Amino acid sequence: MALPIVHHPDYDAKFAVNHRFPMGKYSALMRSLRARGLARDGTLVESAPAPAAWLRLAHDANYVDQVLRCEVPKPIEREIGFAIGERVALRARLASAGTVIAADIALAGGIACNAAGGSHHARRRHGAGFCTFNDVAVAASVLLAAGRVSSVLVVDLDVHQGDGTAEIFADEPRVFTFSLHAEKNYPARKVPSRYDFALPDAVRDAAYLECLDDALGRIAEALSPDIVFYNAGVDPHVHDRLGRLSLTDDGIRERDRRVIAHFRGRDIPLVGVVGGGYADDVSELAERHAIMFETAASYA
Ligand SMILES: [Zn+2]
């Protein structure tokens with residue numbers, strides 16, 4: 001079976017090329033996935049804007065309204081890192097729905113990826129750290145509210161701690177949040193996940209993969225979830241502008257393979273989301289993000 005990939009051309013809100021957030025990577029990623037033969041007729045599923053009712057399951061109604069009306073207060077926009085205009089609001093709704101759709105497909109067929117998502121710094125009351133809505137929190141909440149799952153696992157391997165997801169689900173025992181991240185990286189004040197594994201700077205492939213195996217083993221002893229959301233951020237890469245770790249392309253590939261093999265080997269549905277990755281050259285960045293899709297495709 002081919003890997004289902006959820007996407008929308010407006011995942012790219014077309015920021016200026018010199019913007020601190022490399023928005024062009026979403027279009028570059030689709031070009032890379034097409035060139036690899038992964039994105040094609042029959043594998044692509046188009047996203048649509050998430051209804052407010054879905055967004056309100058993970059975020060305060062007031063904040064959802066502010067985003068949808070493009071009336072987000074300036075201090076929150078500053079915390080997010082960009083202004084919330086029409087394009088950004090649309091993009092946030094599309095990316096959130098994309099993770100919901102991918103989850104739906106994964107529950108039926110085992111695995112699916114969203115060609116965006118992983119906005120793990122967005123909290124219940126406001127966005128933060130380049131994240132407007134927390135798509136994984138929205139998708140997990142939609143599935144739980146509909147009674148389609150009763151246990152959700154979030155495996156967050158973006159180099160930054162998954163503070164927003166941890167905060168949103170702090171009092172939700174049905175969602176187990178796991179974050180493996182660089183200790184000294186953003187956010188300065190971390191919100192405890194159910195399981196956090198903080199790494200020192202400059203960790204390389206072998207040591208990273210050992211920590212990952214250890215963590216996956218411990219989690220497997222603690223729970224057998226109905227679905228796993230995998231944030232495959234590539235910012236642990238040695239050439240990432242914001243990451244502090246030293247993973248190579250091979251390390252990232254092996255990381256993705258181990259996570260996907262671990263859960264698919266246990267027949268647990270898996271949803272892959274893009275997560276963070278920062279580089280001036282968006283083509284190079286897109287190649288890194290494409291690794292997760294290529295790896296997931298071999299398990300589809
Ligand atoms: Zn990150």
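This section describes the zinc site, one helix pair and three backbone features of a predicted model. Local features were considered at pLDDT of at least 70 and side-chain atom pairs at pLDDT 80 or more, while totals for chains, interfaces and linings use all residues. Residues are numbered from 1 along each chain as its sequence is written, and side-chain values use heavy atoms, without hydrogens and water.

The zinc ion is bound by protein donors from Asp158 (OD, twice), His160 (ND1) and Asp235 (OD), at 1.9 to 2.7 Å. Donors are N, O and S atoms within 2.8 Å of the metal (3.2 Å for Na, K and Ca); water is not among the atoms, so sites may look incomplete. In sequence, the donor residues follow the spacing D-x1-H-x74-D. Asp158 is buried, at 2% relative accessibility, and His160 is buried at 6% (buried means under 20% relative accessible area, exposed over 50%, partly exposed in between; 1.4 Å probe, protein chains only).

Two residues other than glycine have a positive phi. For Cys70 the value is about 55°; this residue is partly exposed, with a relative accessible area of 23%. For Asp267 phi is about 60°, and Asp267 is exposed at 60%. The peptide bond from Tyr186 to Pro187 is cis, with omega near -5°.

Helix 9 (residues 249-264) and helix 10 (residues 282-297) have axes that come within 9 Å and cross at roughly 35°. Axes are lines fitted to C-alpha atoms, for helices over the stretch in contact, with angles from 0 to 180 degrees between N-to-C directions. Helices (H or I, at least four residues) are DSSP runs, numbered from the N terminus. Contact means heavy atoms within 4.5 Å.

Technical notes. Helices (H or I, at least four residues) and strands (E, at least two) are DSSP runs, numbered from the N terminus.
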